[in-house]
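User: Please take a close look at a single part of this model and describe how it is joined to its surroundings. I would prefer one connected account.

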Amino acid sequence: MSDTEQTLFSKRFRGFFPVVIDVETAGFNKDTDALLEIAVSMLKMDDDGVLSLDQTVHFHVAPFEGANIEQAAIDFNGIDPFSPLRGAVAEDEVLKEICKAVRKAQKAAGCQRSVVVAHNAAFDHGFLNAAIERNKIKRTPFHPFVSFDTTSLAGLALGQTVLAKACRAAGIEFDNSQAHSALYDTERTAELFCYIVNKWQALGGWPLPEPEAESESESTTETDTDTE
C-alpha cells in the first residue's frame, strides 16, 4: 500500500485507529494511585466496513514505587496488589508491550494515530496518560487527548449509560460476576463500540453522501454576498 492510498478503516475515522481499553486501579487519582490491571482490544474492519473485535492484550500490573493504594478500591475490584499469583508485570514493560502491539495493528489498518475508546473514557485515558508520562515512554501511538467515550455513544444510541445495561440493550451478553475485570470489561466495551458504529452504518449514516456540486448561479450569489 502506498503512502497516499487510504484503507477503508483509515477513511472511517479520519486516519485514527480506535483502541479499546479498560483499567483497574487502586483509587481514583491517576497521579498517585496504582494502576493494577489493563487490557487493550484492537479492532478490525472487513471489506464491507463492518467493525469487529480482533485481538486483546491483557496485563496485571505491579504497583509503581510509592504508589498509593486505597483499601476501598481494592475491596471493590477484589484485587490483591501484592499477590504472587497475579503474575504482575512492571508498569514500564506493560506499556512498552501495549504500544508495540497497538502500533503493529494501527499500521496494518493503514491508520496514523490510535485513539482510546473506553467507557467513561476520561478515567481510563487519564490513568494511561499518567503511566506513559511516569515511565517516560516517548514512542506512544496514542493521541494524548482525543478519545471516544462509549458512555456518551451508548446514551445516544441505546438510551443507556451503564456498561452492563447498554450491552444488554444491544443484545450483547454481560455477566455481572465477571465485571470489574479489565479483560472482560474491555472486550464487552469493544463489542458495544462495534455494535454502535455498525448500527449507524446499517441505518445509512455512513458513508456520508457526497455533497452536491454548487450551481454557477448559487456560487455567484454567495460570492457577491460575501463581498458586500
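Analyst: Two strands are treated as paired if DSSP finds at least two bridges between them. The model is a predicted one, and the part chosen here is strand 1, which covers residues 16-25.

Strand 1 has two partners. With strand 4 (residues 113-118) it shares five bridges, and the two strands run parallel. Strand 2 (35-45) is joined to strand 1 by seven bridges, in an antiparallel arrangement. Individual positions place these pairings in the sequence. Phe17 faces Ser114 of strand 4, and Val20 stands opposite Val117 in that strand. Towards strand 2, Val23 stands opposite Ile38.

How many of the ten residues of strand 1 are buried? Ten of the ten are, so the strand is largely enclosed by the rest of the structure. In a regular strand, side chains alternate between the two faces of the sheet. Both faces of strand 1 are covered. One side carries Phe16, Pro18, Val20, Asp22 and Glu24, while Phe17, Val19, Ile21, Val23 and Thr25 lie on the other, and all of these residues are buried. The charged residues Asp22 and Glu24 are thus listed among the buried positions of the first side.

The neighbouring strand 4 is mostly covered as well, with five of its six residues buried. Strand 4 also continues the pairing to strand 5 (residues 142-149): four bridges join these two strands, which run parallel. One position in this pairing is Ala118, whose bridge partner in strand 5 is Asp149. Together with helix 4, strands 4 and 5 make up a right-handed β-α-β unit.

Aromatic contacts add to the picture. The structure holds eight aromatic pairs. One of them is edge-to-face and brings together Phe28 and Phe123, with 6.3 Å between the ring centres and 70° between the planes. Phe28 belongs to the loop between strand 1 and strand 2, and Phe123 to helix 4 (residues 121-134), so this pair ties together parts that are 95 residues apart in sequence. The two rings differ in cover: Phe28 counts as exposed, at 78% relative accessibility, whereas Phe123 is partly exposed, with a relative accessible area of 29%.

Phe17 of strand 1 also takes part in an aromatic cluster, in which it is joined by Phe9, Phe13, Phe148 and Phe193. Of these, Phe13 has a charged neighbour: Arg12 lies over its face, 5.0 Å from the ring centre. The charged end of Arg12 also sits over the ring of Trp206, at 4.3 Å from the centre of that ring.

In summary, strand 1 is paired with strand 4 in parallel and with strand 2 in antiparallel fashion. The strand is buried at ten of its ten residues. Through Phe17 it contributes to the aromatic cluster, and the loop that follows it holds Phe28, whose pair with Phe123 reaches helix 4.

Note on methods:
Residues are numbered from 1 along each chain as its sequence is written. This is a predicted model: local features need pLDDT of at least 70, side-chain atom pairs count only at pLDDT 80 or more; totals for chains, interfaces and linings use all residues. Side-chain values use heavy atoms; hydrogens and water are left out. Rings of Phe, Tyr and Trp (its six-membered ring) pair if their centres lie within 6.5 Å; planes under 30 degrees apart count as stacked, over 60 as edge-to-face and the rest as tilted. Buried means under 20% relative accessible area, exposed over 50%, partly exposed in between (1.4 Å probe, protein chains only). A charge sits over a ring if NZ of Lys or CZ of Arg is within 6 Å of the ring centre and within 35 degrees of the ring normal. A crossover is right-handed if, with the strands pointing away from the viewer, the path from the first strand over the helix to the second runs clockwise.
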